[in-house]
Structure formats: structure tokens, C-alpha cells
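New notebook, new structure. I'm jotting down what I look up as I go.

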Amino acid sequence: MLSWVESANEEACHFPLLNLPFGVASVSREVPRCVTAIGDKVLDLGLLEETGLIGDAGEALFKEPSINTFMGAGSSVWSRVRSQLVELLATDGSSRLRDDEALRARCLHAQTAVVMHLPF
């Protein structure tokens with residue numbers, strides 16, 4: 001399965017589309033945010049949730065600067081969110097994030113530009 005995030009398709013990539021680890025990172029000394037890695041990037045899960053691209057209406061899994069709420073939600077929620085992320089990031093998936101340049105600029109960051117705090 002291929003991603004429109006080019007670096008996720010490289011043979012030596014640690015974070016291809018089928019390995020989306022969850023964690024917490026800070027961008028530019030901002031408050032830590034929940035993220036997932038994809039290729040050589042991190043994706044802001046809180047922002048995706050705020051815009052309605054992941055999660056369910058009224059759900060606040062990624063609002064806090066820790067991953068605890070999401071981890072406490074259990075495996076069925078983890079699976080649902082992972083499926084939503086794959087749909088957003090796959091080459092043949094939804095174009096809602098891929099084609100929204102302004103949103104991509106706000107939520108997709110180079111791993112080298114963030115400080116990682118807590119992986120899961």
C-alpha cells in the first residue's frame with residue numbers, strides 16, 4: 001500500500017503507511033501535540049481531529065498534550081483511528097488532506113523540525 005507522502009514509500013523507511021506509531025511532539029517550542037509518524041514526517045492528530053478528518057463527532061482523543069486519553073480509549077478506538085489515518089494517507093484513499101495544501105502545511109511537519117516527547 002502506497003502513500004502520497006513520498007518518503008513513506010522508500011524501501012528503507014521505518015514509518016511506511018502500515019506502521020503508523022503514535023507519540024507526542026512539539027513543533028517550534030509550542031505545547032506538545034499528539035502525532036503519528038509517516039515517512040520522514042509527523043502528522044498532528046489533534047489538528048486532524050479538530051477539523052473532523054479523524055475521530056468521531058464530539059470525541060476529544062487528542063486535545064491534551066499527552067496520548068493518555070487515546071490510549072485509555074482501547075483497541076477498538078485505536079483500530080478505527082488507524083483506519084481513518086490510512087484512508088487519509090493512502091495514494092488511492094481520501095483526497096481531503098492530500099489536496100488541501102493549507103491544512104497539510106499546518107499539520108504535516110518534518111521529523112527533523114519537531115522535538116519528540118513520548119512514543120507509543
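**Cysteines**

I went to Cys107 to look for a bonding partner. The closest cysteine sulfur belongs to Cys34, and at 14 Å that is too far for a bond. A disulfide would need the two sulfur atoms within 2.5 Å, so I wrote down zero disulfides. Going the other way, I found Cys34 in no disulfide either, with the sulfur of Cys107 as its nearest cysteine sulfur.

Are these two cysteines buried or exposed? I checked each one. Cys34 has a relative accessible area of 0%, so I put it down as buried. Cys107 also comes out at 0% and is buried.

A reminder to myself: this is a predicted model, and I am reading computed values throughout.

**Strands and hairpins**

Next I followed the strands. Strand 1 covers 22–27 and strand 2 covers 33–38. The two run antiparallel, and I noted four bridges joining them. One pairing I looked up is Gly23, whose bridge partner in strand 2 is Val35.

What sits between strand 1 and strand 2? They make a hairpin with five residues between them. In that turn I picked out Ser28, which has a positive phi of about 50 degrees.

Strand 2 also has strand 3 (residues 41–44) as a partner, again antiparallel, over four bridges. Here I looked up Ile38, and its bridge partner in strand 3 is Lys41. This hairpin has two residues between its strands, and Gly39 in the turn shows a positive phi of about 60 degrees.

How covered is strand 2? Mostly, I found: five of its six residues are buried.

**The cores**

Then I turned to the nonpolar residues. The largest nonpolar core holds 31 residues. I listed the ones with the most contacts inside it: Leu48, Phe70, Val81, Leu85, Leu89 and Leu97. Which elements supply at least two residues each? My list has strand 1, strand 2, helix 1 (45–50), helix 2 (68–72), helix 3 (75–89) and helix 4 (101–107). Helix 3 gives the most, with six residues.

There is a second, separate core of five residues, and I noted Ala25, Val27, Val42 and Val114 among them.

I took a closer look at Leu89. Leaving out residues up to four places away in sequence, Leu89 touches Leu2, Ser3, Trp4, Val5, Leu17, Leu20, Ile38, Leu43 and Leu97.

**Aromatic rings**

How many aromatic pairs are there in the whole structure? I got two. For Phe62 and Phe70, the ring centres are 4.8 Å apart and the planes sit at 40 degrees, so I logged the pair as tilted. Both of these residues are buried. Phe22 joins Phe62 and Phe70 in one aromatic cluster.

**Ser3 and Met1**

Ser3 had turned up among the contacts of Leu89, so I went back to the segment before strand 1, where Ser3 sits. Its relative accessibility is 2%, so I count Ser3 as buried. Beyond residues up to four places away in sequence, Ser3 touches Ala8, Asn9, Leu17, Ile38, Leu89, Ala90 and Thr91.

Met1 lies in the segment before strand 1 too. Is Met1 buried or exposed? I got a relative accessible area of 60%, so it goes down as exposed. Setting aside residues up to four places away in sequence, Met1 still touches Leu17, Leu18, Val86 and Ala90. I also checked Met1 against Gly93: they are 92 residues apart along the chain, with their C-alpha atoms separated by 10 Å.

**Ser94**

My last stop was the loop between helix 3 and helix 4, which is where I found Ser94. With a relative accessible area of 14%, Ser94 is buried. What does its side chain reach? A polar atom of the Ser94 side chain lies 3.2 Å from the backbone nitrogen of Arg96. Leaving aside neighbours within four places in sequence, Ser94 is in contact with Glu87 and Leu88.

Terms used:
Residues numbered from 1 in each chain as written. Predicted model: local features only at pLDDT ≥ 70, side-chain atom pairs only at ≥ 80, totals over all residues. Heavy atoms only, no water. Core = buried A, V, L, I, M, F, W, Y, C linked by side-chain atoms within 4.5 Å. Buried < 20%, exposed > 50% of the residue type's maximum accessible area, 1.4 Å probe, protein only. Contact = heavy atoms within 4.5 Å. Phe/Tyr/Trp six-rings, centres within 6.5 Å; stacked < 30°, edge-to-face > 60°. Polar contact = N/O pair within 3.5 Å; in protein donor to acceptor, adjacent residues only side chain to side chain. Pairing = 2+ DSSP bridges.
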